[in-house]
There are 4 protein chains.
Amino acid sequence: MVKCAIVGATGYVGAELCRLLTAHPQAEVTGVSSVSFEGQRLCDVYPSLRGTLELPLTDEDTAIRGSDVVFAAVPHGLSEALAGKVLGQGAAFIDMGADFRLEKEADYTQWYGGRYENPALHAQAVYGLPELFRDEIRRTRLIANPGCYPTSVALALAPAIRRGLIQTRHLVIDAKSGTTGAGRGLAQNTHFPDCNEGFGPYKTAQHRHTPEIEQTLSRLAGSPVSVTFVPHLLPINRGIISTIYAPLAKPLPQDAAVALYREFYAGERFVRVLGSGETANLRQVRCSNFCDISVHVDARTDTLVLVSAIDNMVKGAAGQAVQNMNLLFSLPEETGLTAAPAPF
Amino acid sequence: MVKCAIVGATGYVGAELCRLLTAHPQAEVTGVSSVSFEGQRLCDVYPSLRGTLELPLTDEDTAIRGSDVVFAAVPHGLSEALAGKVLGQGAAFIDMGADFRLEKEADYTQWYGGRYENPALHAQAVYGLPELFRDEIRRTRLIANPGCYPTSVALALAPAIRRGLIQTRHLVIDAKSGTTGAGRGLAQNTHFPDCNEGFGPYKTAQHRHTPEIEQTLSRLAGSPVSVTFVPHLLPINRGIISTIYAPLAKPLPQDAAVALYREFYAGERFVRVLGSGETANLRQVRCSNFCDISVHVDARTDTLVLVSAIDNMVKGAAGQAVQNMNLLFSLPEETGLTAAPAPF
Amino acid sequence: MVKCAIVGATGYVGAELCRLLTAHPQAEVTGVSSVSFEGQRLCDVYPSLRGTLELPLTDEDTAIRGSDVVFAAVPHGLSEALAGKVLGQGAAFIDMGADFRLEKEADYTQWYGGRYENPALHAQAVYGLPELFRDEIRRTRLIANPGCYPTSVALALAPAIRRGLIQTRHLVIDAKSGTTGAGRGLAQNTHFPDCNEGFGPYKTAQHRHTPEIEQTLSRLAGSPVSVTFVPHLLPINRGIISTIYAPLAKPLPQDAAVALYREFYAGERFVRVLGSGETANLRQVRCSNFCDISVHVDARTDTLVLVSAIDNMVKGAAGQAVQNMNLLFSLPEETGLTAAPAPF
Amino acid sequence: MVKCAIVGATGYVGAELCRLLTAHPQAEVTGVSSVSFEGQRLCDVYPSLRGTLELPLTDEDTAIRGSDVVFAAVPHGLSEALAGKVLGQGAAFIDMGADFRLEKEADYTQWYGGRYENPALHAQAVYGLPELFRDEIRRTRLIANPGCYPTSVALALAPAIRRGLIQTRHLVIDAKSGTTGAGRGLAQNTHFPDCNEGFGPYKTAQHRHTPEIEQTLSRLAGSPVSVTFVPHLLPINRGIISTIYAPLAKPLPQDAAVALYREFYAGERFVRVLGSGETANLRQVRCSNFCDISVHVDARTDTLVLVSAIDNMVKGAAGQAVQNMNLLFSLPEETGLTAAPAPF
């Protein structure tokens, strides 16, 4: 059994990690920490966990002691020091936040503020998107778990970029996220009567996931790629859909596009490429680690439209982290992640 | 591995059975039938099941062939003949509908119309509420899986009735169900714009679950019990809450009430009795087999208020059926049902 | 034109008053005050009001100067002093909170804490439920606008109590409110991902509206009436439904019950008594001042079931206040309140 | 008083017209027709209208007799013959559907099937978007009321196209609509449990509003414009947001973009151009005739992002029709349309 500690367990990502890890046949949660709720049990904060996980919330050091892997779900800027400590204790480290995602410190400074205090750590960090970077993940102990939006975008665009189907100018990403993406903290725009039956973009073309998206796309393309990225807040709990628009490099029949995508993701358990005439929808991936991708050629305007649907808390956060953990510990990659989506 | 067939697999109950059984470590789904969608695959109707369960939908006879247990999710009136056939093939039968729930044919005729064609079958049928009738369940091969509302009510009232805490007159049950309880069939009151942001009772004091509720309560009380039962339609997907009002037999301190309930359900994995000051809520049981019960003494009016929360599709249907299956096949009762609720 | 000032204009009740008063043909909003947002415009806090009402938010004294009527939407305990000031300036006062609703100071002290500093003011206050107390309303300048739950309950039970249809023991009120009832302030239970797709009671048998409900019912009955009152939080924006259970005094045919209710409310513009076979639902009253009541005789248990649906922000708050204002200023009672409900 | 008849009154657009017209100080609804519900009253189908509009539903000829204006909310293909009849009776005709929106019969045939039987009628028809084509509207008696998506798109792009701010290639329109846009008819994708908590595109790059959008943009540009248009279904009742992406023609400062938009729409009551740093959201326009537009310059990618929010049933259908009616009858354009949006 892999001994798992979660630092910052009372946020939504922490709670979702607990949901998944308590159902994982080869993992156990051995420590959970919280600054705000230390001394209470996690199931006092999340009563859904009563009878499943009744650990007390401790301080960070107590939580991580003796663990094989530490998941850090803490505000950005706090993971770097923690990573050093965890690796020093011989455990693996999976960071749920942004501290290790950006290769260039300048990008981090520009979008998040702050500096890289320990460049050697950053050199070890691997961007944990298994479908694209599996081999590197297996060789490290320090994972930067990808952001939710970037996961949905990178999986959707990777085949198109790698196979040269599209131009990489005028890339438009119109993304929509459920409210769990905003976390457990209270805010006016997620106050129920203000949020419910409302809808709109936020941080238009200014969201911090932009450089992370561009970094991955640029790496896939082998040259710099810029995107216009506009996230929207959906009045639902879970899920991210990214609808992506890219000018075709040359005419492409609809069925050929689907075939190329299916070939690219052949053998991938968690990526489901839909057929022509089908459309990805959040209802098909709820509570699961699947990423559904539908591919649409708009021959009228020579545009490729990609739709990518994930559960933001699973494939977009906790599920992908478990997938990474499985790789780190040489377990079958799908272990603990095979439950079918909740159909309603 | 227990070989499971589902007759009527394309309704919501069928889909939920598939979600649970595909995650069950000692069961496999070997047949699924549908009248409306025969020839398609189940995952064409429920794309969420792609990659998890891709069986073709067949006719009934093909689906049940070679199975160890058959779950029947068919309109009432159709289970009786099917049960005879299944038992004749040596398999167990779990009826998700109402055909075998009512002991008195007269009740069935009054509330559902129709007759009992095969009384011998009804004599074998056991009402499958494990927490109350576990021993009987273990001794049969024909289970009447309880209704969703009756499950929530019987679990809430059993301790109060068995321990003589309440009078059994003026019993009021105000229940609220998510929309999956109405099934997959289209109707104006579950059309999204008509249902969303609306709320109200339906079938006020006329719902067919009334005799089933009264049958169980009467059995627990040892004398006839009548109830006023009013269900409401909640504009959410999953869950049933029953708020139950009963005149106290004599004054009862709040903490004593909780203690009695906890003693009654000691050792029960799926019933969680909340503490004084806590209140059951659907958000704590979502997608799980738990029944959360909170107990509230209103000393001002000498009334016991009970709140009982279940996921209508799990403890109120498919989960309870799996629990019954586990009992029938001498598996640990919680097998396949231990996943924590989805916290959001 | 009646000059209206709103003290505490940035809460939900204040915003709803502005929505209604800006559409009122014989009223104008001349002042709005806010402690938290003084100096901004109301339409900065509620951008929906851009182009309709762009008044600056001022302090209280500035807002009320020169007004004919002041609506106070302030935390309880703050209205008493304000009422004295407003009446002293010759304006009428409509209190949206609880300060003047309870006749007995002891009740106020028990449920809200605090004292009545100025008993003479309380002697002038009239409980502003026009359908029941219209004549008194016309004769005062100080209105205690009723609570949302109490409005829905009193209108539903008044005919049954006045006509002696029910016993007044074992009265059960199971009420459900949309989230606007909890106000604009942030709280975990109205945080979108915690609230959405959840449901349950709160303040079970302990809600502060209990004494207000009992006061009105006792007055209608001419003797003390106690109730078991359990409110629930609905994951929708607007509306309150109260489902009320009362033992019948003697057998009563369904159609006779409806006829009695229709006779009782004959000529009342805002109370719609539904026919036998119909059921009140929040979707029929949204954004309107209607109270829909459906009447159901459960002959099996000799119980009268009443269902009462209002928009909590209109008939349960701002609309009723405007109705009271119309009475105070001898305008036709329905002025500004005739817009049909939003059907979806 | 303008006498108004509504043909096809029991659909959602018909119901919304009734909500608006019964609140209009210079209009009265004198006839309502329905094929499916003839003989019932409209308020039997929409109980929200009880006490407000209790007209019987008749056949078409009875409904339109004696009216000054007829609103036709009928399936496409049925309006042409009706328009001829209405104009022949001397009344004005406002078509809520697509029959008169497309200037080129070939476009109609391609996207809707069917032919133009009476070209002379089409020559009279004016596309009823008052902010852009007010003068023409005043001179006709036959209005093609615009589609919901096209209204939101044309208002957002008109200033950018007219002022030459953007290139008209690579235009991407990512639109999201509430479920009322799909109408009252039952369908699986608007069945509550299937729709709720789900989200995704539909008719990707194949929606029938595409040629209508392109027709207006081409007219504004003076040359052919093509767009990639992808609508999505939002699990809410009301509203359309279009997020529109256009390559800038040349660099444009954020504040200059806002200033140009404000200048373009100066004096327009129903278009609200938001300031820099503000973002349009459906919650601000609910139940109102406003179109909120926010303008965002993405200087990183030289892209103009426009966000346009309307209530699809008001500015996107019934409200705009009333606005057109006001123009036809020389009433102040905002008559009956000044109610503030519902803030929650």
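Let me begin with chain B, where the charged end of B:Arg272 sits over the ring of B:Phe290, at 3.9 Å from the ring's centre. I should say at once that this is a predicted model, and that what follows should be heard with that in mind. A second arrangement of this kind is found in chain C, where C:Arg141 lies over the face of C:Phe329, with 5.2 Å to the ring centre.

Turning now to rings paired with rings, a search of the whole structure gives 34 aromatic pairs, taken over all chains. One of them joins A:Phe344 and B:Tyr12, whose ring centres are 4.4 Å apart and whose planes meet at 50°, so the pair is classed as tilted. This pair crosses between chains, since A:Phe344 belongs to the segment after helix H12 (314-328) of chain A, while B:Tyr12 is in helix H1 (residues 12-21) of chain B. Because buried means under 20% relative accessible area, A:Phe344 counts as buried at 3%, and B:Tyr12 is likewise buried at 2%.

Next, within chain D, the aromatic pair of D:Tyr149 and D:Phe229 is edge-to-face, with 5.2 Å from centre to centre and 70° between the planes. Here the pair links distant parts of the chain, for D:Tyr149 is in helix H8 (residues 148-162) and D:Phe229 in strand E10 (residues 228-233), 80 residues apart. D:Tyr149 is buried, with a relative accessible area of 2%, and D:Phe229 is buried as well, with a value of 1%.

Finally, back in chain A, one aromatic cluster is formed by A:Tyr108, A:Tyr112 and A:Tyr116.

Methods: Residues are numbered from 1 along each chain as its sequence is written. Chains are lettered from A and ligands numbered from 1 in the order in which they are written. This is a predicted model: local features need pLDDT of at least 70, side-chain atom pairs count only at pLDDT 80 or more; totals for chains, interfaces and linings use all residues. Side-chain values use heavy atoms; hydrogens and water are left out. Rings of Phe, Tyr and Trp (its six-membered ring) pair if their centres lie within 6.5 Å; planes under 30 degrees apart count as stacked, over 60 as edge-to-face and the rest as tilted. Helices (H or I, at least four residues) and strands (E, at least two) are DSSP runs, numbered from the N terminus. Buried means under 20% relative accessible area, exposed over 50%, partly exposed in between (1.4 Å probe, protein chains only). A charge sits over a ring if NZ of Lys or CZ of Arg is within 6 Å of the ring centre and within 35 degrees of the ring normal.
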